[in-house]
Amino acid sequence: MKVKNRFLSFLSISGFLLMASSSFGQKLTTKEFMEKFNFNQCFTGTFDKLIEEINPKGNSLNEKIKSDLNNKQPLIMIEGERAYPSPCNLHKFELKSGKYSLELISLGNMAGLKKTIMIPLIKVYSKQGELTENIKVAKYETRSPTYTLPFHIYSSWEFEIDKNDIYYIQVTSDNSSDSNLSLDETSEQTVISTGAAMTTGSPIVTGAGILTTMLLKGYPVKRSPFGKYKINLEQYKSENQ
């Protein structure tokens, strides 16, 4: 099935040059990723083909889903001022018309000397490959470690659909820049992005916790195309419910 103007460029990462060890893949920085990437390896395909490649299982509302972007997933090209590749994951939901809130938490990989974090991007597609245009970022900020979470990026997204159907939440990483983030001594949170998670410059990672910042003040947290994350999708209840 072809969907007009909904073609995605992607490649199978199985033939990519990053198939070293899984630990190396998880710690790969955006800079290293872009240096090894070869655009000649890309090919075009429909959204149907991307679904077939990823083969996502169905998920339920209010289900806390643990997942990741990794070096075994297909890469797609993210269009913008400068197109760039990103691993892609899809989460499948059968949804009714209405307004939805999506929470996504990107978990920092803070073990070892090299510390990385994936900066997430979200899009919502129907099963026909039609992009939901009204998605917006409600919150996008760094947060301190907790008893259950490492340093992380918390984001919440809102969108509305007008018909019952199967929809796919597409998760990719922002590799538009290879600038580092850095741990800062302040305990305040900072907004990394107010738009579609397209960061610019070198934002400061704040709220990293007293012990962490004492030991790692000014220590770089490198962007990575890969990383673990958690998502949860909820539907807003109407006033009549």
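**Charges over rings**

I started with Arg 143, which lies over the face of Tyr 154, at 3.9 Å from the ring centre. I kept in mind that this is a predicted model, so every value in these notes is a computed one. I then looked up a second charge over a ring: the charged end of Lys 99 sits over Tyr 236, 5.2 Å from the centre of that ring.

**Aromatic pairs**

How many aromatic pairs does the structure hold? I found six. I picked out Tyr 140 and Trp 157, whose ring centres are 6.0 Å apart with the planes at 85°, so I noted this pair as edge-to-face. An angle over 60 degrees is what earns that label.

Next I asked where the two partners lie. Tyr 140 belongs to strand β11 (residues 136-143) and Trp 157 to strand β12 (residues 152-161), so the pair ties together parts that are 17 residues apart in sequence. Are these two residues buried or exposed? Both Tyr 140 and Trp 157 turn out to be buried.

I also wrote down an aromatic cluster made of Phe 33, Phe 37 and Phe 226.

**The five-stranded sheet**

Trp 157 led me on to the sheet around β12. I traced an open sheet of five strands in the order β4-β17-β8-β12-β11, and the pairing is antiparallel. Its edge strands are β4 (65-69) and β11, each pairing on one side only. From one strand to the next, the twist averages 25°.

Inside this sheet I followed strand β8 (residues 98-107), which runs antiparallel to β12 and is joined to it by 10 bridges. Which residue stands opposite Leu 102 in β12? It is Trp 157, the residue I had already met in the edge-to-face pair with Tyr 140.

**A stop at Glu 160**

While on β12, I looked up Glu 160, which lies in that strand. Its relative accessibility is 46%, so I count Glu 160 as partly exposed. Leaving out residues up to four places away in sequence, Glu 160 touches Gly 98, Lys 99, Thr 132 and Asn 134. Lys 99 was familiar to me, as its charged end sits over the ring of Tyr 236. I also checked Gln 235, 75 residues from Glu 160 along the chain: the C-alpha atoms of the two are separated by 9.4 Å.

**The four-stranded sheet**

I then turned to another open sheet, of four strands in the order β3-β7-β13-β10, with mixed pairing. Here the edge strands are β3 and β10, and each pairs on one side only. Helix α3 (residues 47-54) packs on this sheet, touching β7, β10 and β13, and its direction makes about 105° with that of β7.

I went through the strand pairs one by one:

- Strand β3 (residues 58-59) and β7 pair in the parallel sense over two bridges. Gly 58 has Lys 92 as its bridge partner in β7, and Asn 59 has Phe 93.
- β7 and β13 run antiparallel and are joined by seven bridges. I noted that Asn 89 has Val 171 as its bridge partner in β13.
- β10 and strand β13 (residues 165-173) pair in the antiparallel sense over seven bridges. Pro 120 stands opposite Ser 173 in β13.

Why do I call β7 and β10 largely enclosed by the rest of the structure? In strand β7 (residues 89-95), five of the seven residues are buried, so the strand is largely enclosed. In strand β10 (residues 120-126), six of the seven are buried, so the same description holds there.

**The nonpolar cores**

My last entry is on the cores. The largest nonpolar core has 28 residues, and Leu 95, Phe 159 and Ile 169 touch the most other members. The elements giving two or more residues to this core are β4, β7, β8, β10, β11, β12, β13 and β17 (227-235). Which element gives the most? It is β12, with four residues.

I looked more closely at Leu 95. Not counting residues up to four places away in sequence, Leu 95 touches Leu 61, Tyr 100, Phe 159, Ile 161, Lys 163, Asn 164, Asp 165, Tyr 167 and Leu 233.

Apart from this core I found another, of 12 residues, among them Ile 54, Ile 78, Leu 90 and Leu 121.

Definitions and conventions
Residues numbered from 1 in each chain as written. Predicted model: local features only at pLDDT ≥ 70, side-chain atom pairs only at ≥ 80, totals over all residues. Heavy atoms only, no water. Buried < 20%, exposed > 50% of the residue type's maximum accessible area, 1.4 Å probe, protein only. Pairing = 2+ DSSP bridges. Phe/Tyr/Trp six-rings, centres within 6.5 Å; stacked < 30°, edge-to-face > 60°. Lys NZ or Arg CZ within 6 Å of the ring centre and 35° of its normal. Axes fitted to C-alpha atoms, helices over the stretch in contact; angles between N-to-C directions. Core = buried A, V, L, I, M, F, W, Y, C linked by side-chain atoms within 4.5 Å. Contact = heavy atoms within 4.5 Å.
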